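Work through the following exercises with the sequence and the structure side by side. Each task is followed by a solution that goes step by step.

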Amino acid sequence: MLEIRMERVHHAFPAPSGRWVIFEDLNLEVRPGSFTVIVGPSGCGKSTLLRLAAGLLTPTAGRIRIGELSPAQARAARRIGWMGQQPALLPWRTVEGNIRLALEVNGRALRPPLTVEELIAMVGLKGFERAYPRMLSGGMQQRVALARTLAAGPAVWLMDEPFAALDALTRTQLLEEVERLWRAFGATVLWVTHDLHEAVRLGDEVVVLAGRPARIRARIPLPDPRPRTDERRIGEWVERVRAALMGGAR
Ligand SMILES: Nc1ncnc2c1ncn2[C@@H]1O[C@H](COP(=O)(O)OP(=O)(O)OP(=O)(O)O)[C@@H](O)[C@H]1O
């Protein structure tokens, strides 16, 4: 299990009128094996934070560590799994072919912790191994993307609103599966969402990000046992997170 550590991270993008400072002095530690959900207003820097952690962006200053590795090293070592809103599957490859793709690096096949068959079963796609993406619903395509993300057995999952484009029922089903897979893999997760219900169902902690430059406005630990099915409790936590988002809580 790996810790994610961000120390004094500064990040700025070039902008028409100079530079946009997204993070000025951001510090965040994510415990090994924990599930941390990031929420915040649109445009505050949630995706940027994940891209920094994934080594897809280099901070203008500061230090990020995934265990003992830099994000770029962790990514090269396949310790990081990344998933976004769109499944981005190759249309000419089958379900199995798309998942296998994540295991092929420079023509060399990685030895995965689970077989592709096991992974397909875990994401509920048994029987669809030979189907092409166009034959699948949006929810099924995201299941394939999830399996592809997990194929190399990454210790860290960086998930940028992975289910935002799905209908509510499919999303609820997938959340249950994510929780199960997270336990099975023992991964450290950073999960971005706009959906507060999703945030309080999944998270060990919700981190509320806001402002420009973005600051951590609140860190809200969620101690309730899992699976969290008590809608009244979930509603109470949603209200707490909402209050922090609106600036009412610290
Ligand atoms: N490559 C880039 N060049 C310049 N500005 C960028 C770039 N990427 C992001 N930004 C800016 O950085 C800010 C933060 O963007 P980011 O996508 O991280 O926000 P977000 O919180 O994930 O938003 P949303 O919730 O809408 O997805 C935005 O104002 C965006 O315009």
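The domain bounds used below come from an automatic or database domain assignment. The model itself is a predicted one.

**Exercise 1. The domains**

Find into which domains the chain is divided, and state which element gives the largest share of the side of domain 1 that touches domain 2.

Solution. Begin with the division of the chain, which gives domain 1 as 4-79 + 154-245 and domain 2 as 89-153. Next, take the C-alpha centres of domain 1 and domain 2, which lie 24 Å apart. The contact between them draws on twelve residues of domain 1 and eleven residues of domain 2. On the side of domain 1 that touches domain 2, the largest share comes from helix 6 (residues 168-185), with five residues. Sorted by character, the residues on that side of domain 1 are nine nonpolar, one polar and two charged.

**Exercise 2. The sheet of three strands**

Determine the order of the three strands in the open sheet with antiparallel pairing, and explain which strands stand at its edges.

Solution. The order of this open sheet is 2-1-4, and its pairing is antiparallel. Strand 2 and strand 4 (61-66) each have a single partner strand, so they stand at the edges and one side of each is left without a neighbour in the sheet. From one strand to the next, the twist averages 30°.

Now take the pairs in turn. Strand 1 and strand 2 are joined by a hairpin through two residues, and they pair in the antiparallel sense over nine bridges. Within this pair, P14 has R19 in strand 2 as its bridge partner. Strand 1 also runs antiparallel to strand 4, with five bridges joining the two, and here E7 has R63 in strand 4 as its bridge partner. Finally, helix 1 packs on this sheet, where it touches strand 1, strand 2 and strand 4, and its direction makes about 120° with that of strand 1.

**Exercise 3. The sheet of six strands**

Give the order of the six strands in the open sheet with mixed pairing, and work out what being at an edge means for strand 5 and strand 11.

Solution. Reading across the sheet, the order is 5-8-9-3-10-11, and the pairing is mixed. Strand 5 and strand 11 each have a single partner strand, so one side of each is left without a neighbour in the sheet. The twist averages 15° from one strand to the next.

For one pair within this sheet, look at strand 3 (residues 35-39) and strand 9 (residues 188-192), which run parallel and are joined by four bridges. The bridge partner of F35 in strand 9 is V189. Helix 1 lies across strand 3, strand 8 (156-160), strand 9 and strand 10, and runs at about 150° to strand 9.

**Exercise 4. The shell around the ligand**

List the residues around the ligand and identify the element that gives the largest share of the shell.

Solution. The residues around the ligand are F13, W20, I22, G40, S42, G43, C44, G45, K46, S47 and T48. Strand 2 (18-30) and helix 1 (46-53) are the elements that give two or more residues to this shell, and the largest share, three residues, comes from helix 1. By character, the shell divides into four nonpolar residues, six polar and one charged.

**Exercise 5. Backbone details**

Locate the cis peptide bonds from R212 to P213 and from R226 to P227, and then examine the positive phi values of R8 and R78.

Solution. The bond from R212 to P213 is cis, with omega near -5°, and P213 lies in the loop between strand 10 (205-210) and strand 11 (215-221). The bond from R226 to P227 is also cis, with omega near -5°, and P227 lies in the loop between strand 11 and helix 8 (231-245).

Turning to phi, R8 has a positive value of about 45° although it is not a glycine, and R8 lies in strand 1 (residues 4-15). R8 counts as partly exposed because it has 13 C-beta neighbours inside 10 Å. R78, which is likewise not a glycine, has a positive phi near 60° and lies in the loop between helix 2 (71-76) and strand 5 (80-83). With 17 other C-beta atoms within 10 Å, R78 is therefore partly exposed.

How values were computed
Residues numbered from 1 in each chain as written. Predicted model: local features only at pLDDT ≥ 70, side-chain atom pairs only at ≥ 80, totals over all residues. Buried ≥ 20, exposed ≤ 12 C-beta atoms within 10 Å, placed from the backbone. Near = placed C-beta within 6 Å. Nonpolar A, V, L, I, M, F, W, Y, C, P; charged D, E, K, R; others polar. Contact = placed C-beta atoms within 7 Å. Pairing = 2+ DSSP bridges. Axes fitted to C-alpha atoms, helices over the stretch in contact; angles between N-to-C directions.
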